[in-house]
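Student: I have the coordinates open and would like to know how the descriptive terms follow from the values. Could you take me through them?

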Amino acid sequence: MQEHTLSVYRTARYLTLGDPSGPVEEVWMACHGYGQLAPYFLRHFRAIEAPHRMVVAPEGLSRFYLENHQRVGASWMTREARLDEIDDYVRFLDTVYTDVLTQTRRSRVRLIAFGFSQGGATVARWLARSPALGTPPADRLVLWGSVLPHDLDLDEHADWLRCVGLTLVVGDRDAYATPERIAEQEEQLREAAIPFEVVRFDGEHRLDTEVLRDLAR
Amino acid sequence: MLLALALLTAGCAGSKLPPPDMSAARSAIAEADQSGASEAAPLVLRNARQKFEQAERAAENEDYEAARFLADQAQVDAELAEAKARSATAMAAVEELRESIRVLREEINRSRPSSGGQ
């Protein structure tokens with residue numbers, strides 16, 4: 001058996017809140033978690049709609065059925081052919097971001113890279129690998145119910161991580177971003193001298209409207 | 001005094017969620033329908049209607065948490081259907097414009113005098 005790979009043209013989608021023809025100064029690239037779909041994920045961000053802000057929710061390139069075919073969800077990657085999947089979604093996010101900038105007719109906006117759960121690792125890798133973003137690649141990185149991916153060498157990427165404004169948001173009953181995982185991440189960040197803040201809220205592995213509003217202020 | 005306090009707090013024991021406001025979902029479905037979503041995005045609009053009906057049934061059964069969740073989902077589906085319909089309308093307008101330009105070009109080419117050799 002031989003394995004072959006090739007690049008194919010496919011249709012992907014992203015959804016947005018906000019008017020690209022308006023006075024857009026800030027763009028949130030918000031990546032959903034495993035098993036979610038962009039339209040339902042984006043609805044949480046209605047709470048932070050504002051004339052100067054666009055929220056962009058790309059959808060993971062791999063969709064699949066959940067709950068005995070009752071629901072559809074999307075994923076950014078699995079461990080199968082993971083490097084190719086990472087390359088694919090980095091290219092996808094670059095294309096989305098460029099498309100959005102084109103619509104807003106701006107060459108520069110304040111970029112907030114936001115990732116929930118699996119989406120957190122996704123946006124972090126995008127910032128680390130994208131050839132399209134500047135230095136630093138974003139103005140802020142928000143990891144909600146998530147930590148930096150294990151394959152992101154903090155020392156190698158310390159320069160931009162120190163400039164990007166890193167925020168970890170976690171519910172105190174988050175079953176994935178557990179207190180132990182967050183504590184481990186905090187220690188790693190301190191050792192690498194990467195400034196960060198941790199925002200905790202009373203809740204599980206989910207978004208919280210009030211916390212989201214506070215982040216957006 | 002104790003009786004008054006008991007009466008005041010009696011309503012607090014096992015307080016239930018209020019019935020959800022379904023009007024936003026209902027409006028979103030109506031707007032999607034009016035925007036042509038039944039042709040441009042029939043499946044998405046159907047999902048919205050089905051979830052709304054499920055939300056209404058859940059509300060009738062006083063399962064207000066489920067009703068709120070389903071109404072929320074129905075609203076998102078309806079908004080997505082409307083967005084697809086608007087996109088389809090815009091694409092149709094672009095195609096129409098392209099066709100008009102093509103016809104105009106043909107007309108211009110036909111009306112140009114042919115340059116015969118001398």
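**From values to terms**

Tutor: Let us begin with the sheet of chain A, bearing in mind that this is a predicted model. Its 7 strands form an open sheet in the order 1-3-2-6-7-8-9, with mixed pairing, and the twist averages 20° from one strand to the next.

Student: What makes strand 1 and strand 9 of chain A the edge strands?

Tutor: Strand 1 (14-17) and strand 9 (196-201) of chain A each pair on one side only. Strand 1 of chain A pairs with strand 3 (residues 53-58) of chain A in the antiparallel sense over 4 bridges, and since two strands pair if there are at least two bridges between them, 4 bridges meet that requirement. In strand 3 of chain A, A:Ala57 is the bridge partner of A:Leu15.

Student: Why is helix 2 of chain B called roughly antiparallel to helix 4 of chain B?

Tutor: Helix 2 (residues 23-34) and helix 4 (residues 42-60) of chain B pack at an angle of about 155°, with their axes 11 Å apart. Angles over 145 degrees count as roughly antiparallel, so helix 2 of chain B is roughly antiparallel to helix 4 of chain B. Their crossing is left-handed.

Student: Which residues make that contact, and how do they divide into nonpolar, polar and charged?

Tutor: Helix 2 of chain B contributes B:Ala25, B:Ile29, B:Ala32 and B:Asp33, while helix 4 of chain B contributes B:Leu45, B:Ala48, B:Arg49, B:Phe52 and B:Ala55. They divide into 7 nonpolar, no polar and 2 charged residues; Asp and Arg both count as charged.

Terms used: Residues are numbered from 1 along each chain as its sequence is written. Chains are lettered from A and ligands numbered from 1 in the order in which they are written. This is a predicted model: local features need pLDDT of at least 70, side-chain atom pairs count only at pLDDT 80 or more; totals for chains, interfaces and linings use all residues. Axes are lines fitted to C-alpha atoms, for helices over the stretch in contact, and angles run from 0 to 180 degrees between N-to-C directions. Angles under 35 degrees count as roughly parallel, over 145 as roughly antiparallel, 65 to 115 as roughly perpendicular and the rest as oblique. A crossing is left-handed if the near helix is turned anticlockwise from the far one by less than a right angle, and right-handed if clockwise. Two residues are in contact if their C-beta atoms, placed from the backbone, lie within 7 Å.
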